[in-house]
Amino acid sequence: PSEDITFELSSGDLSKMKRASAVIGAPDMVLENTDEPFKSILNAIDKKNDTANNYSLDVDAEGNGEYNFFFKVENLKLLPTNYDVNVSSKNISHFKSQAGNAVEYWIALEPESSYSE
């Protein structure tokens with residue numbers, strides 16, 4: 001499918017997100033755009049509880065439009081390495097290792113994900 005949004009996710013940032021999700025009990029992660037060009041936020045949240053704690057990381061994302069891409073943290077059982085991440089508005093993401101060891105994951109997004117150009 002098309003690659004609407006791309007960003008890099010370091011091994012350290014992935015580890016921080018997973019640890020924070022476990023500590024605060026956040027089962028979801030959302031990639032959302034900000035008003036700044038090429039800036040997005042990766043949030044560990046509980047989308048069913050607006051008052052729950054969350055954890056955020058800034059990411060440099062390339063792509064246009066308004067978007068909220070939801071992942072289940074339990075689906076992010078990835079090897080610890082740096083990844084190039086491509087996200088499609090067709091509710092699929094592609095995590096490809098930067099190490100050249102041919103590690104790739106295709107991870108489905110949650111149905112609540114939204115994208116508009």
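A residue is called buried when its relative accessible area is under 20%, exposed when over 50%, and partly exposed in between. The model shown in these views is predicted.

**Figure 1. Phe 69 and Tyr 115 form a stacked ring pair.** The count of aromatic pairs comes to five. In this view, the ring centres of Phe 69 and Tyr 115 lie 6.1 Å apart, and their planes meet at 15°, so the pair counts as stacked. Planes under 30 degrees apart earn that label. Phe 69 belongs to strand S5 (residues 66-72) and Tyr 115 to strand S9 (residues 114-116), so the pair ties together parts 46 residues apart in sequence. Tyr 115 has a relative accessible area of 22%, so Tyr 115 is partly exposed. Phe 69 has only 1% relative accessible area, so Phe 69 is buried.

**Figure 2. Phe 71 and Phe 95 meet edge-to-face.** Here the ring centres are 6.2 Å apart and the planes stand at 75°, so this pair is edge-to-face. The label needs planes over 60 degrees apart. Phe 71 comes from strand S5 and Phe 95 from strand S7, and this pair links distant parts of the chain, 24 residues apart. Both rings sit on buried residues: Phe 71 has 0% relative accessibility, and Phe 95 has a relative accessible area of 1%. Which residues do ring pairs link into a cluster? They are Phe 71, Tyr 83, Phe 95 and Tyr 105.

**Figure 3. The largest nonpolar core has 26 residues.** Phe 7, Leu 31, Leu 42, Phe 69, Phe 71, Val 87 and Phe 95 have the most contacts inside this core. Several elements each supply at least two core residues: strand S1 (5-9), helix H1 (11-24), strand S2 (28-33), strand S3 (39-45), strand S4 (55-62), S5 and strand S6 (83-88). In soluble globular proteins, nonpolar side chains tend to be buried together. Leu 31 makes a good starting point for this view. Residues up to four places away in sequence aside, Leu 31 touches Ile 5, Phe 7, Ser 40, Ile 41, Leu 42, Val 59, Tyr 67, Asn 68, Phe 69, Phe 71 and Val 87.

**Figure 4. Strand S7 pairs with S6 and with S8.** S6 and S7 run antiparallel and share six bridges. Tyr 83 stands opposite Ser 97 in S7. Three residues separate these strands in their hairpin, where Asn 91 takes a positive phi near 65°. S7 also runs antiparallel to strand S8 (residues 104-108), joined by five bridges. Phe 95 faces Tyr 105 in S8 as its opposite residue. The hairpin of S7 and S8 has six residues between the strands, and Gly 100 in the turn has a positive phi of about 75°.

**Figure 5. His 94 makes a polar contact with Glu 104.** His 94 lies in strand S7 (residues 92-97). Is His 94 buried or exposed? Its relative accessibility is 11%, so His 94 counts as buried. The polar contact between the side chains of His 94 and Glu 104 spans 2.5 Å. Neighbours within four places in sequence aside, His 94 is in contact with Asp 84, Val 85, Asn 86, Glu 104, Tyr 105 and Trp 106.

**Figure 6. Lys 16 and Asp 13 form a salt bridge in helix H1.** The structure holds five salt bridges. In this one, the closest N and O atoms are 3.9 Å apart. The partners are three residues apart, about one turn of the helix. Lys 16 has a relative accessible area of 37%, so Lys 16 is partly exposed.

**Figure 7. Asp 60 forms a salt bridge with Lys 39.** The closest N and O atoms of Asp 60 and Lys 39 are 2.9 Å apart. Asp 60 lies in strand S4 and Lys 39 in strand S3, so this pair ties together parts 21 residues apart in sequence. Asp 60 is exposed, at 52% relative accessibility. Lys 39 is partly exposed, at 31%.

**Figure 8. Glu 112 and Lys 47 meet in a salt bridge.** The N to O distance is 2.8 Å. This pair links distant parts of the chain: Glu 112 sits in the loop between S8 and S9, Lys 47 in the loop between S3 and S4, 65 residues apart. Both are partly exposed, Glu 112 at 43% relative accessibility and Lys 47 at 21%. Through salt bridges that share partners, Lys 47, Glu 110 and Glu 112 join into one network.

Technical notes
Residues are numbered from 1 along each chain as its sequence is written. This is a predicted model: local features need pLDDT of at least 70, side-chain atom pairs count only at pLDDT 80 or more; totals for chains, interfaces and linings use all residues. Side-chain values use heavy atoms; hydrogens and water are left out. Helices (H or I, at least four residues) and strands (E, at least two) are DSSP runs, numbered from the N terminus. Buried means under 20% relative accessible area, exposed over 50%, partly exposed in between (1.4 Å probe, protein chains only). A polar contact is a pair of N or O atoms within 3.5 Å; within protein, one must be able to donate a hydrogen and the other to accept it, and residues adjacent in sequence count only if both atoms are side-chain atoms. Contact means heavy atoms within 4.5 Å. Rings of Phe, Tyr and Trp (its six-membered ring) pair if their centres lie within 6.5 Å; planes under 30 degrees apart count as stacked, over 60 as edge-to-face and the rest as tilted. A nonpolar core is a set of buried Ala, Val, Leu, Ile, Met, Phe, Trp, Tyr and Cys residues joined through side-chain atoms within 4.5 Å. Two strands pair if DSSP finds at least two bridges between them. A salt bridge is a side-chain nitrogen of Lys or Arg within 4 Å of a carboxyl oxygen of Asp or Glu.
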